[in-house]
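Let's take a walk through this protein together, starting with the overall picture and then stopping at a few residues along the way. Keep the structure open beside you as you read.

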Amino acid sequence: METWELAAREGIRDTIARYNHAGDRGRIAEMVACFADDGVLEVHGASIHTGHAALHEFFGGVATGTSAPSGLHVLRHCVTNTLIEVASPVAAQANSYFQVITDIGLDHWGTYRDRFVHDGRTDRWLLTHRSVKTDGYATDSFFA
């Protein structure tokens, strides 16, 4: 494995972590910044959002569209088993499992299927497409 591929893998892991940390803290602009300008978020069985404006609007509505009380104290996305396939110095994909912990404990879980592009201007790996599939919800989930 060459050094550029190792750097790509770490850059992709960094983007995945930044997305989830920002989401857990309600930092919508930071979540959107993890996507390319024309990046796509596909929520299986629900919706597709393309571009920064649409992503910002969607993420802003998630918090108000859940059954979570205003006093929700815990929101943690835990991402595991990330498998990264680097196609070239500027293109890659990754598959990960996620679990979401809230005040009730394990709230919901599923998979991310991601495609990335390397942005030479910022030297960051950005999401061009994220597919989110939720596999299950706790009985008392805030997000079901």
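A residue counts as buried here when its relative accessible area is under 20%. By that cut-off, buried residues make up 36% of the 144 residues in the protein. Please bear in mind that this is a predicted model.

Let's begin with the overall layout. The protein has three helices and six strands, and along the sequence they come in the order α-α-β-β-α-β-β-β-β. Its C-alpha atoms fill a box of roughly 45 × 30 × 25 Å along the principal axes. The radius of gyration is 15 Å, which agrees with the value near 15 Å that a compact globule of 144 residues would have. As for the surface, the protein exposes about 7,900 Å², and carbon and sulfur atoms supply 53% of that area. Contacts across the sequence are worth a look too: of those with a separation of 6 or more, 53% join residues 24 or more positions apart.

Next, turn to the inside. The largest nonpolar core holds 24 residues, and Ile12, Tyr19, Phe35, Leu41, Phe59 and Phe116 are the ones that touch the most other members. Elements that give two or more residues to this core include the helices α1 (3-24), α2 (28-32) and α3 (52-64), along with strands such as β1 (35-43) and β5 (105-119). The biggest contribution comes from α1, with five residues. Phe35 makes a good place to pause: beyond its neighbours within four places in sequence, it is in contact with residues including Tyr19, Leu41, Phe59 and Arg130.

That last partner deserves a visit of its own. Arg130 is found in strand β6 (residues 124-137). Is Arg130 buried or exposed? Its relative accessible area is 0%, so Arg130 is buried. Among the residues that Arg130 touches, apart from those up to four places away in sequence, are Ile16, Tyr19, Phe35, Glu42 and Asp114. With Asp114 there is also a polar contact of 2.7 Å between the two side chains. Ala94 is 36 residues from Arg130 in sequence, and their C-alpha atoms are 9.5 Å apart.

Now move to strand β5, where you will find His108. This histidine has a relative accessible area of 8%, and therefore it is buried. Its side chain makes a polar contact of 2.9 Å with the side chain of Asp107. Leaving out residues up to four places away in sequence, the residues that His108 touches include Phe98, Val100, Thr134, Tyr137 and Phe143.

For a look at strand pairing, find β3 and β4. They pair in the antiparallel sense over 11 bridges, and they form a hairpin with two residues between them. If you would like one position to anchor your view, Arg76 stands opposite Ile101 in β4.

Our final stop is Arg9, in helix α1. Arg9 counts as buried because its relative accessibility is 17%, which is under the 20% cut-off. Not counting residues up to four places away in sequence, Arg9 touches Met1, Ile84 and Val86. A polar atom of the Arg9 side chain lies 3.0 Å from the backbone oxygen of Ile84. Trp109, by comparison, is 100 residues from Arg9 along the chain, and 24 Å separates their C-alpha atoms.

Conventions: Residues numbered from 1 in each chain as written. Predicted model: local features only at pLDDT ≥ 70, side-chain atom pairs only at ≥ 80, totals over all residues. Heavy atoms only, no water. Helix = DSSP H or I, 4+ residues; strand = E, 2+ residues; numbered from the N terminus. Buried < 20%, exposed > 50% of the residue type's maximum accessible area, 1.4 Å probe, protein only. Contact = heavy atoms within 4.5 Å. Polar contact = N/O pair within 3.5 Å; in protein donor to acceptor, adjacent residues only side chain to side chain. Core = buried A, V, L, I, M, F, W, Y, C linked by side-chain atoms within 4.5 Å. Rg over C-alpha atoms; globule rule 2.2 N^0.38 Å. Areas by Shrake-Rupley, 256 points an atom, 1.4 Å probe, with all protein chains shown as cover. Pairing = 2+ DSSP bridges.
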